[in-house]
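Grab a pencil and work through these exercises with the model open beside you. Try each task yourself before you read the solution.

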Amino acid sequence: MAMTGSSRCAAATAETQGWFPFVMRGTDVAADSPVDVSFLNRGAADRRIAVRSGQFVTDDGRRVRFLGTNVTFSGAFPEKDQAPAIARRLAQLGFNVVRFHHMDARDIWLPGQKELDPQKLDRLDWFLAQLKQNGVYSNINLHVSRTYPGLAESGLPRTFRYGKILDIYYEPYILLQEQYARDLLDRVNPYTGLKLSQDPAIAFVELNNENTLLQLGPSQLAELTEPDIRNALRDAWRAWLRRRYANLEALEAAWNVGEHPLGDEMLRNRTFAGDLEEWTLEGAAPGVCAMARDGDGGVHIRVEQPGKVAWAYQLHQLDVPFEEGLTYTIRLRGRSDPPRAVSVSLRYAEAPWTVLSGSHSVALTPQWQEHVVVCRVAGLRQGVRLRFSLNLGDAVGEVWFAEPSLRPGRELFATAGVAGLDGMDLPAGGTPPKGWGDFRRCLVELEQAYVRRLTALLKDRLGVRALVVDTQASYGNLCGLQREASLCDYIDMHAYWQHPHFPNRPWDAADWTIGNTSMVADPRGGTLARLAAYRHAGMPFSVSEYNHPAPNDHAAELFPLLAAFAAYQDWDALYQFSYCNNDSAYGSARIGGYFELVHHAAQLVFAPLAALVFRQELLAPGAPATVLAVAPAAIDAHLDTGFPALERVAAADAVSPRSLLGRPFAVRLDPDAPAPAGGAPDGAETAAGLLIDAGGLRWETGEQARFTVTAPAVRMALGRIGGQQLTLGDVTLRLDLPEGVWACVALVAADSRPLDRSGRMLLAVVTRAENSGMTWDEQRRSVGRNWGGEPVLAEGIPFELRGPGPAPRAFALDAKGERDGALPVETDAAGWRLRVPEPVRTLWYALERP
């Protein structure tokens, strides 16, 4: 039997029983390969992509779905002698779009980052032309990670890294973005004879990756200390106030509407007396995190181990009876060594854990300071436990608090001493909720003006024919979805299952963890429920970054799970992040990091199968679809407390995991939408732990978590399926693994015919792949810097597969995807049987009939 329990802890080598080298390179081009699905691309990428009836179509009206990946940093500029093979390989694996990302970080520039490097542009143009020739479209990202001139010397914190937030309103940075767009797009590619702006192979342009002005809250404003950049925002704020209010008196009256004077104290045991009654420390454990009464009448919290999640350590008081629609004043004295940000909120004390007051970050330093937070509760539902919460984050250190206070009401806002509307400063801790609501409306309008300006430059002045998106719709919550739906050609999103977590220093290669669990087991649907919540009805839906990053033991689930779910939801574009990050890595033989696909055999073998499932529409969309109407006025009503997410403006059962996943879901922004109401949308409850059971998909969570697909041309099984007999319609499968061990299997007809009549089928059977000698920690949640070396190793799975129809010929495939020996197929009265015993030396197979 393959794989013992101990083999799950030790570093694998080529001599480890059950493991074998399986090296997939970006420069490999297979000859006469069963896994070559480049026929899906239908020739060169010379048909212009447009939008019709909420879908991507070619200029002759044919619907097209995209399966893509990303190339980043110098990986976007491969050596010219390698580019033809890289492009051909991408097409063979089923990709028909590549997103060019992080080009602007450093690699595209001459020294000084004022002019583009002609040699890098030549490499880029050649690569774009090779992709086009192979039927692969391109998605060009403009601003991703360029550090604008002077920004590094500004003294601004990491919050504004790459000019994020700032470059949406600060004129010098906007002008630099416009010049970069001109320099990159308004020029002829000598290998196609077309300007990039005119080339149909450039299908998409993204303005500003993962960026929004709507991230600018109280803590970010406090950090915005560079005078010119801060004053530019202050001036825009004053101009907005002048348009809205006649004078200061009108502003003061509006901001104080509905406010009440301070009421009685609501927190209990504010001095932390006795055994700290009424207070709970989440994350407390011996040697990890503890709290004790401080001699000065406060509380002292010591964190000795980094947290596993960003909210690892929290101080709560339960059952604090705050009420819907009321304003509250929170006062907090505290200090921290080393400094840290603490998030203050009023929220649910049980699922769905919603923050009802907005999260307000206060910066603690080693010196005692008093902080004041004024907030308003919105979205409160009856029957859910409540709590006052201080989120300390996940970092090691010591924190002290003294006499926290929570009182209903606030001190009324007054403008005494302010010299007219032109004397108003940016909001601060004492600004009332209605003032923050106005500020958020100002930010929304500034951001929309930015998107209109950049889009007009591209389309009207540079003649860009590509479809344009600003950024990802979740940046700004529902206001972000409003922005993208009203100003862009399609909706885009990003998601990562168990992205590496850095508890102390961002992107510290030695200090990180992952959850290392399968998303199939997550009872809330992992990343997919959140993605579904940002689809807008009547617009194409794209996910341009997605991954289950290495070294997760379950990373193989990436493509089959995403492709099957996206097909069921009827999405339009999927991109893995990322294919290759370095121009020297295409020919390597090791997994290069968390996100790199080019050598990650456990993921990459599923790419052609995912392309067939998603692009060939081998799974029919679910029906009927759920379209949740949301009124923009309902979004605006929440701006006093923050930029609302969908769960703040919709009934809880309308946005439960079951509702978001169980059938196709979309939001429609509709001025006439009714107020949210309760009630299960489909009038029926789904069994506990069952997220989907329709359209041939079944998703069960819990201890025996599994995701299966049973469709005429597709069978899939993911989850704890080791040692079990699986029946998927007329296909049965048994993996020779210990009971309950995780694995991932897919069988797909390459000719789109039902499996009992298909002449060409692809089969992938996978559990894990990793670098030789990769060394895990004791918890198997990090390898630190110990990623190991060449070659990539895979763990083989002996199995038995029974299927319908005439017996096929079976072939094991090598890492290129070429036939590497025939396998015996037996027949009996029940059909045919493929039995693959130990030692297994491949992850994929071809089944063929004449």
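**Exercise 1. Cis peptide bonds**

Task: Find where P352 sits, and say which residue a cis peptide bond joins to P352.

Solution:
- Step 1: Go to the loop between β15 (340–348) and β16 (360–364), since that's the place where P352 is found. Keep in mind that you're looking at a predicted model.
- Step 2: Check the bond: a cis peptide bond joins A351 and P352, with omega about 15°.
- Step 3: Now try another cis bond, the one from E790 to P791, where omega is near -5°. P791 is found in strand β35, residues 789–795.

**Exercise 2. Positive phi**

Task: Which loops hold Y162 and E278, and what are their phi values?

Solution:
- Step 1: Y162 is in the loop between β6 (137–143) and α3 (171–185). Its phi is about 65°, a positive value although Y162 is not a glycine.
- Step 2: E278 is in the loop between α6 (248–255) and β10 (280–282). Here phi is near 80°, again positive in a residue other than glycine.
- Step 3: Add the accessibility: E278 comes out at 39%, so it counts as partly exposed.

**Exercise 3. The nonpolar cores**

Task: How many residues does the largest nonpolar core have, and which have the most contacts inside it?

Solution:
- Step 1: Recall the background: in soluble globular proteins, nonpolar side chains tend to be buried together.
- Step 2: The largest core here has 236 residues, and F100, L184 and L646 have the most contacts inside it.
- Step 3: Zoom in on F100. Leaving out residues up to four places away in sequence, F100 touches residues including V71, A76, L124, F127 and I140.
- Step 4: Apart from the largest core lies another one of 36 residues, with V303, V320, V377 and V399 among them.

**Exercise 4. Rings meeting rings**

Task: What kind of aromatic pair do F20 and F22 form, and what kind do F577 and F595 form?

Solution:
- Step 1: Start with the total: the structure holds 38 aromatic pairs.
- Step 2: In the F20 and F22 pair, the ring centres are 5.9 Å apart and the planes are at 90°. Planes over 60 degrees apart count as edge-to-face, and that's the label for F20 and F22.
- Step 3: F20 has a relative accessible area of 0%, so it is buried. F22 is at 3%, so it counts as buried too.
- Step 4: F577 and F595 are also edge-to-face, at 5.9 Å centre to centre with 70° between the planes.
- Step 5: F577 lies in strand β23 (residues 573–580) and F595 in the loop between β23 and α11 (601–604), so this pair ties together parts that are 18 residues apart in sequence.
- Step 6: Look around the pair: F577 and F595 belong to one aromatic cluster, along with Y496, F502, W507, W512, Y594 and W787.

**Exercise 5. Charges over rings**

Task: Over which ring does the charged end of K120 sit, and over which ring that of R440?

Solution:
- Step 1: The charged end of K120 is over the ring of F77, 5.6 Å from its centre.
- Step 2: The charged end of R440 is over the ring of F643, 6.0 Å from the centre.

**Exercise 6. Salt bridges**

Task: Where in the chain are E79 and R123, and are they buried or partly exposed?

Solution:
- Step 1: Side chains of opposite charge can pair when their charged atoms come close. In this model the count comes to 52 salt bridges.
- Step 2: E79 and R123 meet in a salt bridge of 3.1 Å, N to O. E79 is in the loop between β4 and α1 (83–92) and R123 in helix α2 (residues 118–133), 44 residues apart, and the pair links distant parts of the chain.
- Step 3: Buried means under 20% relative accessible area. R123 is at 17%, so it counts as buried, whereas E79 is at 35% and counts as partly exposed.
- Step 4: Try R668 and D670, which meet in a salt bridge of 3.4 Å, N to O. R668 counts as partly exposed at 35%, while D670 is buried at 18%.
- Step 5: Finish with a network: salt bridges that share partners join D553, R768, E770, R780 and E795.

Methods. Residues are numbered from 1 along each chain as its sequence is written. Side-chain values use heavy atoms; hydrogens and water are left out. A nonpolar core is a set of buried Ala, Val, Leu, Ile, Met, Phe, Trp, Tyr and Cys residues joined through side-chain atoms within 4.5 Å. Buried means under 20% relative accessible area, exposed over 50%, partly exposed in between (1.4 Å probe, protein chains only). Contact means heavy atoms within 4.5 Å. Rings of Phe, Tyr and Trp (its six-membered ring) pair if their centres lie within 6.5 Å; planes under 30 degrees apart count as stacked, over 60 as edge-to-face and the rest as tilted. Helices (H or I, at least four residues) and strands (E, at least two) are DSSP runs, numbered from the N terminus. A charge sits over a ring if NZ of Lys or CZ of Arg is within 6 Å of the ring centre and within 35 degrees of the ring normal. A salt bridge is a side-chain nitrogen of Lys or Arg within 4 Å of a carboxyl oxygen of Asp or Glu.
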